[in-house]
Amino acid sequence: MMSAKNKAVDSLTGGIEYLFKKYKVDYLKGHGKITGPNGVNVALTEGGSQDVETKNILIATGSEVTPLPPVPVDNAGKKIVDSTGALDLTEVPEKMTVIGGGVIGLEMGSVWRRLGSEVTVVEFLDRLIPGTDSEVAKKFQTICKKQGMKFKLGTKVMGAEVKDGKVHLAVENVKKGTADEIVSDVCLVSIGRRPFTQGLGLEDVGIETDRLGRVVVDSHFQTKVPSIWAIGDAIDGPMLAHKAEEEGIACVESLAGFAGHVNYDAIPGVIYTFPEVATVGKSEDELKEEGTEYNVGNFPFSANSRARAVDQSDGFVKILSCKTTDRILGCHIIGPNAGEMIAEAVLGMEYGASSEDIARTCHAHPTLSEAFKEACMATYDQPIHF
């Protein structure tokens, strides 16, 4: 399995180098530091350094794992690891503790649980995947529990120690203040990511960052220095590769004199667990908080013929639309191939579709996408198969 993973990574990264060569893009491997409005110094990976003079500079340095001081990561030791280390374990641990009930922690925990590990997720908040529609989050936790994952919500991590080949994690109940200890073979620290903006020389050239270290830009991705721009995880917004890709295209189009634009209301998010979770737009919690009147439709995969045929019928499709116009405001899917299915919702929202528009569009049978159609039918009227 690890061999297949490494082969895929090598193939994909090698593909980027091929595209650079195909389109005559010069590139340097190393750590870059901005030396002025039009200058970058690169400490080369192979040794030495090189200065580059350019008309514009685009900061696209991405993000790095957020450290948890009481639990220092040591990927080489393979006991307390981050997401990178979790992808490089040489054997399946009997027990694994995951610190963080967000996207990355649940993805990694889901993988190792399916490989046979006894997985316990420790989360400071009283719920999983904060920011996700609460109905989806609750259903997801129920499915994960059914798969054998354990959860300690509302729990604070106090410290960790490796003794006799085991990780001893000291935790405390947030409300009660009672102490406890979790012992496992591997502990995964996955409390989030932070922008990789340190050591880039930003402060030396007057580029502003916010309290989280994100580069401050205007609506066209331009910093206070007119020739320096920034996109992706290095700026505000969800830390998603496809969001960064859209921003990169929009930013370069602006540099070329065109009108680059990103619709942040139609950026999908996917959690690659089993089953998958995919969302786009507003959650029901957000609409309630805003005071927006809405309609909601829900269709379970247990009533979808394709899902039942392949024995993957956990989950549902949930559609939220404006009560007045029926324009789709959000879509939330938990179930098989959710990451692929969400594209229909994104496309519909990008073009201002109503739930009735999609409900009246023919979908092939038998397919999982029929659940999306039926959820839209449930939103503006009622489904016919549930």
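Trainee: Where in the chain is Pro366?

Mentor: Pro366 sits in the loop between helix H9 (355-359) and H10. Helices (H or I, at least four residues) and strands (E, at least two) are DSSP runs, numbered from the N terminus. Keep in mind that this is a predicted model, where local features need pLDDT of at least 70, side-chain atom pairs count only at pLDDT 80 or more, and totals for chains, interfaces and linings use all residues. Residues are numbered from 1 along each chain as its sequence is written, while side-chain values use heavy atoms and leave out hydrogens and water.

Trainee: What makes the peptide bond between His365 and Pro366 a cis one?

Mentor: Look at omega: it is about 0° for the bond joining His365 and Pro366, and that bond is cis. The bond from Phe274 to Pro275 is also cis, with omega near 0°. Pro275 is in the loop between strand S16 (269-271) and strand S17 (276-281).

Trainee: Why point out the cis bonds and the positive phi values?

Mentor: Because most peptide bonds are trans, and most residues other than glycine have a negative phi.

Trainee: Which phi does Ile129 have, positive or negative?

Mentor: Positive: Ile129 has a phi near 30°, and this residue is not a glycine. You'll find Ile129 in the loop between strand S8 (118-122) and helix H4 (134-146).

Trainee: Why is Ile129 called buried?

Mentor: Buried means under 20% relative accessible area, exposed means over 50%, and partly exposed is in between (1.4 Å probe, protein chains only). Ile129 comes out at 2%, so Ile129 counts as buried.

Trainee: And Asn337, what is its phi?

Mentor: Asn337 isn't a glycine either, yet its phi is positive, at about 55°. Asn337 lies in the loop between strand S20 (328-335) and helix H8 (338-350). Its relative accessible area is 44%, so Asn337 is partly exposed.

Trainee: How do you know whether Ser369 is buried or partly exposed?

Mentor: Put its value against those cut-offs: Ser369 has a relative accessible area of 22%, so the label is partly exposed. Ser369 belongs to helix H10 (residues 369-380).

Trainee: Which residues is Ser369 in contact with, leaving aside neighbours within four places in sequence?

Mentor: They are Met341, Glu344 and His363. Contact here means heavy atoms within 4.5 Å. As for Ile342, the C-alpha atoms of Ser369 and Ile342 are 9.5 Å apart, with their positions 27 residues apart in sequence.

Trainee: What makes Lys243 count as buried?

Mentor: Its relative accessible area is 0%, so Lys243 is buried. Not counting residues up to four places away in sequence, Lys243 touches Gly232, Ile235, Asp236, Gly237, Pro238, Tyr264 and Ile267. Lys243 is part of helix H5 (residues 241-255).

Trainee: How do you know what span is expected of H5?

Mentor: The expected span of a helix is 1.5 Å times one less than its number of residues. H5 has 15 residues and reaches 21 Å from its first C-alpha to its last, close to the 21 Å expected. Helix H3 (residues 103-114) has 12 residues and reaches 17 Å, close to the expected 16 Å.

Trainee: Which residues of H5 are buried, and what covers them?

Mentor: The buried set is Lys243, Ala244, Glu247, Gly248, Ala250, Cys251 and Ser254. Their cover includes strand S4 (57-59) and strand S15 (228-230). Just after H5, Gly257 takes a positive phi of about 95°.

Trainee: Why is His31 called partly exposed?

Mentor: At 36% relative accessibility, His31 falls in the partly exposed class. His31 is in strand S1 (residues 30-36). Beyond residues up to four places away in sequence, His31 touches several others, including Asn41, Phe196 and Leu200.

Trainee: How do you know that the radius of gyration of the chain agrees with a compact globule?

Mentor: The radius is taken over C-alpha atoms, and the globule rule is 2.2 Å times the number of residues to the power 0.38. With 386 residues, that gives a value near 21 Å, and the chain has 23 Å, which agrees. Buried residues make up 42% of the 386. Overall, the chain has 10 helices and 20 strands.
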